[in-house]
Amino acid sequence: MAYVDIEYVQLIGTVPPQVLAAFHEANPGAVDAICESVSRMFDARLHKRYATPFAAPVPEALRFHVAQVVSYQIWLKVGYNPGSAQDEAIKTARDDALEWLKDAADSQAGTVELPVREAPVDGDTSAISRSRPLSYNEASPYTWTRRQAERARNGG
């Protein structure tokens, strides 16, 4: 399932409705394919930090940025003048969307947090998977064996 469709791109994207309709009529299925491809590209980038693909309702911030990249890809096919100020704004919107995507995927310094897709575990509302320590230290080298023996005797 693509995160955006032609109607959403028409409302939010940078392609005027008449240009988008003409492109869709001249290239049936191209808009849907671009929407699907860009959605999967976003999923691939976010996969290590979030459970993708996102289920409905898809976060609006994600849909907005996908629409900007989809619009840019459509403009590349339709053709535009890279020297004009409006066309520079289209490229800037695409660059901003990709920068947002990098920020959302960055688990160390990223400032974007997308909502949880599945039910939270242990009351955690973050979609970031967190790990817990796999081992610990004891002050005495014999404490761990004593505790292990106690757990075995107590059935636990």
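Biologist: Let's start with one residue: what is the relative accessible area of Glu36?

Modeller: Bear in mind that this is a predicted model. Glu36 sits in helix 3, which covers residues 30-46. Buried would need a value under 20% and exposed one over 50%, so Glu36 counts as partly exposed, with a relative accessible area of 31%.

Biologist: Stepping back, how many helices are there in the protein chain?

Modeller: From the N terminus on, the elements run α-α-α-α-α-α. The number of strands is 0, and the helices number 6.

Biologist: And what share of the 156 residues is buried?

Modeller: A residue is buried when its relative accessible area is under 20%. In the protein chain, which has 156 residues, the buried share is 31%.

Biologist: How much of the accessible surface belongs to carbon and sulfur atoms?

Modeller: The accessible surface of the protein chain adds up to about 10000 Å². Of that surface, the part belonging to carbon and sulfur atoms is 54%.

Biologist: Back to Glu36: which residue does its side chain meet in a salt bridge?

Modeller: Side chains of opposite charge can pair when their charged atoms come close. The partner lies 4 residues from Glu36 in helix 3, about one turn of the helix away. The N to O distance is 2.5 Å, and the partner is Arg40.

Biologist: Which residue joins Glu36 and Arg40 in a network of salt bridges?

Modeller: Arg40 has another salt bridge, with its closest N and O atoms 2.7 Å apart. That partner is 3 residues from Arg40 in helix 3, so about one helical turn separates them. The residue linked with Glu36 and Arg40 in the network is Asp43.

Biologist: Is Asp43 buried or exposed?

Modeller: For comparison, Arg40 has 27% relative accessibility and counts as partly exposed. Asp43 has 6%, and the cut-off for buried is under 20%. That is why Asp43 counts as buried.

Biologist: How far apart are the closest N and O atoms in the salt bridge of Glu150 with Arg146?

Modeller: These two are 4 residues apart in helix 6 (residues 143-153), so about one helical turn lies between them. Glu150 is partly exposed at 34% relative accessibility, and Arg146 is also partly exposed, at 44%. The pair belongs with the salt bridges, which need N and O within 4 Å, because the closest N and O atoms are separated by 3.6 Å.

Biologist: Which helix has its axis within 9 Å of the axis of helix 3?

Modeller: The two axes cross at roughly 30°. On the helix 3 side, the contact is made by Met41, Phe42, Arg45 and Leu46. The partner's contact residues include Trp100 and Leu101, and that partner, residues 85-105, is helix 5.

Biologist: How many charged residues does that contact of helix 3 with helix 5 have?

Modeller: By class, the contact has 9 nonpolar residues and no polar ones. The number of charged residues is 2.

Biologist: What separates the C-alpha atoms of His47 and Ala105?

Modeller: His47 is in the loop between helix 3 and helix 4, and at 52% relative accessibility it counts as exposed. Along the chain, His47 and Ala105 are 58 residues apart. In space, their C-alpha atoms are separated by 8.0 Å.

Biologist: Which residue does a cis peptide bond join to Ala56?

Modeller: Most peptide bonds are trans. The loop between helix 3 and helix 4 holds Pro53, which a cis peptide bond joins to Thr52, with omega about -5°. The bond after Ala56 is cis too, with omega about 0°, and joins Ala56 to Pro57.

Biologist: In which helix is Gln68 found?

Modeller: Gln68 is buried, with a relative accessible area of 6%. Leaving aside residues up to four places away in sequence, Gln68 touches several residues, among them Ile12, Thr14 and Ala97. Gln68 itself belongs to residues 60-78, which form helix 4.

Biologist: Which residues make a nonpolar surface patch with Ile12?

Modeller: Ile12 lies in helix 1 (residues 6-12) and is partly exposed, at 31%. A patch residue needs over 30% relative accessible area, so Ile12 passes that cut-off. The patch covers about 290 Å², and Ile12 shares it with Leu11 and Phe64.

Definitions and conventions. Residues numbered from 1 in each chain as written. Predicted model: local features only at pLDDT ≥ 70, side-chain atom pairs only at ≥ 80, totals over all residues. Heavy atoms only, no water. Buried < 20%, exposed > 50% of the residue type's maximum accessible area, 1.4 Å probe, protein only. Patch = residues over 30% accessible without salt bridge, like charges linked within 9 Å, V, L, I, M, F, W, Y side chains within 5 Å. Areas by Shrake-Rupley, 256 points an atom, 1.4 Å probe, with all protein chains shown as cover. Axes fitted to C-alpha atoms, helices over the stretch in contact; angles between N-to-C directions. Contact = heavy atoms within 4.5 Å. Nonpolar A, V, L, I, M, F, W, Y, C, P; charged D, E, K, R; others polar.
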